[in-house]
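Student: I would like to go through this structure and ask what stands behind each label.
Tutor: Here it is.

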Amino acid sequence: TNTQHQYRSESALGQNPLSCRTLSTRRELYERDFPVYKQPVEVGCFSLDSERRFFNDSRQMRYYVEPDKNPNFNLRDGYRDRFIKRDDSVKERLDHILRWIVANKSKINPTGAAASPRALDVDFVTWRGHLTKLLTTPYETREGWLLAVTRFRGTFYISEVETEAARRERENRTERHEEMMYWGYKFEQYTCADNTHSLPDPGGVVNTNEAFCTVVQTRLADHRLLFSGEVDCRDKDPKAPAAPACYVELKTSAEICTPKQRSNFHRFKLLKWWAQSFLPGVPRVVAGFRDQEGVVVSVETFHISKISHLIKNEYNCWKPTVCMNFCCDFLSFLKRVVTEDSPRVVHLFSWDPYKDVTYSAHRDSQYCFLPHWYVEEMTR
Ligand code: 0WD
Ligand code: CA
């Protein structure tokens with residue numbers, strides 16, 4: 001049987017010893033065997049409350065309540081009067097993850113800091129969303145990225161920097177786009193309950209400051225990763241498998257009416273959905289398909305492990321192995337480039353569609369992102 005896209009337990013794979021100043025993102029270069037990607041293990045979680053305050057617990061966990069297969073959810077409801085939107089001009093960088101690390105140092109360092117030459121026993125610390133961007137890079141034709149990297153006590157911290165283009169887009173969103181961004185959160189409200197024995201409350205307020213985040217550890221080839229990602233909800237059955245296998249990702253998407261729309265859905269949307277959930281080991285995505293008026297008319301479950309089969313018949317389609325091999329090679333590239341170990345040094349990796357990845361080095365600059373409280377906590 002083909003085990004190509006399953007999580008693997010062990011196997012040694014060589015690295016491409018490319019030692020240049022840039023990294024190509026051409027797909028053909030990454031069509032190799034699927035790299036080792038260990039089953040992600042949840043090592044903790046945290047919550048952000050309605051005022052975006054951090055808590056080292058699962059208080060913001062929500063529970064999935066399976067909706068009718070053909071519901072009638074009006075996603076526009078409450079946009080004007082029952083919506084509190086997070087201020088997305090505030091850049092939080094890695095701060096929440098770093099707070100979690102400080103509160104849980106012993107969990108990720110079983111041997112203790114004294115026994116280890118490094119403060120943390122992982123190579124990389126980042127957000128899941130940043131890794132998703134890396135996975136989809138070989139297929140991305142619209143948006144570039146900027147990733148700031150600092151090596152501190154042997155661990156590489158990766159934190160996104162907003163590109164000029166992304167900032168312009170954020171500041172010039174149309175009213176329609178602003179409202180459509182709300183629709184995803186409204187769908188969550190129709191399908192999630194606050195505890196195992198309650199029901200969703202579509203009459204409540206949608207507050208996008210609130211978040212429940214999982215923290216997982218895994219390994220991609222020889223890269224040990226620690227990352228966090230926001231999780232929408234979990235299976236409410238107490239007999240459901242342990243996290244992250246009990247988690248459910250919620251999405252909304254435009255209704256599919258034509259073969260062309262189906263093909264685009266497979267080629268572009270399923271790539272993003274697969275990458276985002278495969279990384280932390282979330283096994284399923286529940287999609288609400290909405291009409292032009294923002295009414296969800298059907299709901300469908302997608303199993304992440306079946307997505308690669310679903311897309312196989314699509315012409316010129318994306319391949320999971322290309323995504324994973326590119327990410328792996330980027331992380332190797334980064335390790336070769338970022339040799340100085342200092343919270344005062346940032347290497348800025350930059351990529352635009354149809355270009356190679358390039359980088360620049362910055363000392364004591366605006367790009368420094370490890371907070372003093374973190375550096376002090378990890379140095380003593
Ligand atoms: O400051 C930054 N540059 C970023 C901060 C960029 C990306 C994320 N974040 C932080 C936020 O604290 C957020 O709570 O990360 C958290 C989510 O992290 P993630 O899971 O790594 O991000 P991603 O996988 O891109 O998004 C997961 C969900 C999204 O769901 P959908 O279904 O739309 O993919 O997190 C939400 C959104 O619901 N989300 C955000 N929430 C707050 N701030 C943000 C954001 N910037 N981006 C996505
Ligand atoms: Ca979601």
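Student: Why is Glu249 called buried or exposed?
Tutor: Buried means under 20% relative accessible area, exposed over 50%, and partly exposed in between, with a 1.4 Å probe and protein chains only. Glu249 has 7% relative accessibility, so Glu249 counts as buried. Leu250, with a relative accessible area of 5%, is therefore buried too.

Student: What should I know about the model and its numbering?
Tutor: This is a predicted model, in which local features need pLDDT of at least 70 and side-chain atom pairs count only at pLDDT 80 or more, while totals for chains, interfaces and linings use all residues. Residues are numbered from 1 along each chain as its sequence is written, chains are lettered from A and ligands numbered from 1 in the order in which they are written, and side-chain values use heavy atoms, with hydrogens and water left out.

Student: What makes Glu249 and Leu250 donors of the calcium ion (ligand 2)?
Tutor: Donors are N, O and S atoms within 2.8 Å of the metal, or 3.2 Å for Na, K and Ca; water is not among the atoms, so sites may look incomplete. Asp232 (OD), Glu249 (OE) and Leu250 (O) coordinate the calcium ion at 2.3 to 2.5 Å, so they meet the 3.2 Å limit. Along the chain, the donors follow the spacing D-x16-E-L.

Student: How do you know that Gly129 makes a polar contact with ligand 1?
Tutor: A polar contact is a pair of N or O atoms within 3.5 Å; within protein, one must be able to donate a hydrogen and the other to accept it, and residues adjacent in sequence count only if both atoms are side-chain atoms. A polar backbone atom of Gly129 is 2.7 Å from an oxygen atom of ligand 1, so the pair qualifies. For Glu230, a polar backbone atom lies 2.8 Å from a ligand 1 oxygen. With Tyr185, a side-chain N or O atom is 3.3 Å from an oxygen of ligand 1.

Student: Why is Ala221 called buried, exposed or partly exposed?
Tutor: Ala221 has 13% relative accessibility, which means that Ala221 counts as buried. Its phi is positive, about 50°, although Ala221 is not a glycine.

Student: Which class does Asn316 fall into, and why?
Tutor: Asn316 is at 47% relative accessibility, so Asn316 counts as partly exposed. Asn316 also has a positive phi, near 55°, in a residue other than glycine.

Student: What makes the peptide bond from Ala243 to Pro244 worth a label?
Tutor: That bond is cis, with omega near 5°.
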